[in-house]
Amino acid sequence: MEPIHSKIFKNRFVEHFPGDQSGSTKPRQTPGVLYSATRPTPVASPKLIAWSNELAATLGIAAPEEQDVAILGGNLTTESMQSYAACYAGHQFGNWAGQLGDGRAITLGEWETPAGESWELQLKGAGPTAYSRRADGRAVLRSSVREYLMSEAMHHLGVPTTRALSLVSTGDKVVRDMFYNGNPQYEPGAIVARMAPSFIRFGSFEMLAARQELEQLKTLTDWTIDKYYPHLTGENRMLDWMAEIVSRTVTMIVEWMRVGFVHGVMNTDNMSILGLTIDYGPYGFVDNYDPEFTPNTTDLPGRRYAFGKQASVAYWNLGRLANAIAPLITDTEKLVAIIEGYEDIFWSKYSLMMAQKLGLDELLPEDHVLLQELEKMLVSIQPDMTIFYQLLITLPPTLESPEDIETFFKPALYNELTPAERRGLQQFISLYLARLATNTIDEAQRTAQMKAVNPRFILRNYLLHLAITDLEKGDDAMFKKLEQALKDPYGHGADEFFKTRPFWASDQPGCSMLSCSS
Ligand SMILES: Nc1ncnc2c1ncn2[C@@H]1O[C@H](COP(=O)(O)OP(=O)(O)OP(=O)(O)O)[C@@H](O)[C@H]1O
Ligand SMILES: [Mg+2]
């Protein structure tokens, strides 16, 4: 294990593609290139707030020394790093947004992990790039804390995600109008060091297609397949690749639905070509089960990115990607068929996941009625999703009367139930108990299965809000507690947080919903 500053970085993306080498951070369009060489802009006094030991161990990095903190804060680059900001485009809220690019993310390079994988190191908030447009290239502490903790929380939940290696405060102030109401404030700045095998997005391909740089589009596609999908070697590998992206994207969304995660900004520039969750901005978990819940205040008019719409948005986004690579494919009918296969793949993966959540031995055709009843009931009574499933694990088989059932689920309820809701809950429970009676796995197996897929601890927005408020005052106790809790989301270690979102947090900014300002 060696520290970051001793690593010999590789720079294969930079070496493989044309880039703008001027080093200029003047905002501009950069036709003909896939990146702009960019150095991080130094900060006043980088201070390490957090470091992911688990990730460091996986990646073969020793504990950070002073020089490493300087690297993670953007004050030092080593000789082997050819740092850059990638150029990409995208559809935002359903509209074509043209060139976007890394406006505040700078990739320093990559290295080979002990497992033989190559991972890139990227600083988010490291200063202006050619793609910063009118913004400052920086990130505030509150949004960086959220990105750092949530990347690691998602990893421990078992959801495909980019990772966070470190969180560094910069000592510089950043101006943000958090509520977009004309009251800009100075806030502490920070930088998250993110890691992933690649940060290439759907929008990277859309950009080349829009610029009609088809040769580069082909090179990027071949390179992505060779490097990240090396098992695809057949003559139809481009179609096979698209099919695998569909499948990985479905898996990611189904995993979000399993734990109740709402991304909040599913623009195509925030869709990873590896099927990883990327860009932790105004995200949130559903507390009460509300398919209409969006954590992003900017998304409010249309609720395009609401919890229950994520599967269809991912499908739409895959369509944009397919459109972009279509010029490279002769058999476009097959391409269309692959995209149209999304819905079936989604439902089969989703139903299997739900069967697991319910502790069923297998998914039978007739179980769809049970799943439909469950969904109907959850939407109507909107219990706390996490607590509801935890209670279901220990459901007594003798529970019958609507009153007893309501009492049993009380810890998950935000409201007292109406008679109709009580009946709906009872109806589902009796269906469920009847199904459990035919389960071929025993109770211990059922319980173990349910405990493995139903999280007990989720990083709720109000908890993050408490940690951030304290941290801004110099108290890191809550931050440390959450950092610890998120490492064991399926255990009982964090039971002090095993409760519904408190009433005070339901409409307080940052506790349920957030603005995009970050
Ligand atoms: N403070 C900022 N300075 C410069 N560019 C920014 C800033 N905030 C966002 N952007 C850019 O605006 C676009 C959309 O922003 P979005 O919120 O999706 O991304 P992000 O949170 O900055 O980054 P990422 O997707 O890399 O996690 C991106 O091109 C992003 O780089
Ligand atoms: Mg983004």
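**Exercise 1. Where does ligand 1 lie relative to domain 1 (4-199) and domain 2 (234-352)?**

Start with the model. This is a predicted model, in which local features need pLDDT of at least 70, side-chain atom pairs count only at pLDDT 80 or more, and totals for chains, interfaces and linings use all residues. Residues are numbered from 1 along each chain as its sequence is written, while chains are lettered from A and ligands numbered from 1 in the order in which they are written.

Step 1. Take the domains, whose bounds come from an automatic or database domain assignment. The chain has domain 1 (4-199), domain 2 (234-352), domain 3 (364-440) and domain 4 (461-505).

Step 2. Check the shell. Domain 1 and domain 2 both give residues to the shell around ligand 1, so the ligand lies between them.

Step 3. Find the nearest residues (near: C-beta atom, placed from the backbone, within 6 Å of the molecule). Of the 18 residues around ligand 1, Leu100, Gly103, Ser132, Ala135 and Asp279 come nearest.

**Exercise 2. Describe the surroundings of Lys124 and Arg194.**

Step 1. Start with the record. An unreviewed UniProt entry annotates a "binding site" that includes Lys124 and Arg194. Such annotations may be inferred rather than shown by experiment; positions follow the numbering used here, and feature names are shortened.

Step 2. Place both residues. Lys124 is in strand 8 (residues 118-124), and Arg194 is in strand 10 (residues 185-196). Strands are DSSP runs (E, at least two residues), numbered from the N terminus; helices are runs of H or I, at least four residues.

Step 3. Test burial. The cut-offs are 20 or more other C-beta atoms within 10 Å for buried, 12 or fewer for exposed, and partly exposed in between, with C-beta atoms placed from the backbone. Lys124 has 26 such neighbours, so Lys124 is buried. Arg194 has 25, so Arg194 is buried.

Step 4. List contacts (C-beta atoms, placed from the backbone, within 7 Å). Leaving out residues up to four places away in sequence, Lys124 touches Arg194, Arg104 and Glu147, among others. With neighbours within four places left aside, the contacts of Arg194 include Lys124, Gln122 and Arg163.

**Exercise 3. Characterise Asn270 and Asp279.**

Step 1. UniProt lists Asn270 and Asp279 under "binding site" in an unreviewed entry.

Step 2. Asn270 lies in the loop between strand 11 (261-262) and strand 12 (284-285). Asp279 is in the loop between strand 11 and strand 12.

Step 3. Asn270 is buried, with 22 other C-beta atoms within 10 Å. Asp279 counts as buried with 23.

Step 4. Beyond neighbours within four places, Asp279 is in contact with Val265 and Asn270.

Conventions: A residue is near a molecule or strand if its C-beta atom, placed from the backbone, lies within 6 Å of it. Two residues are in contact if their C-beta atoms, placed from the backbone, lie within 7 Å.
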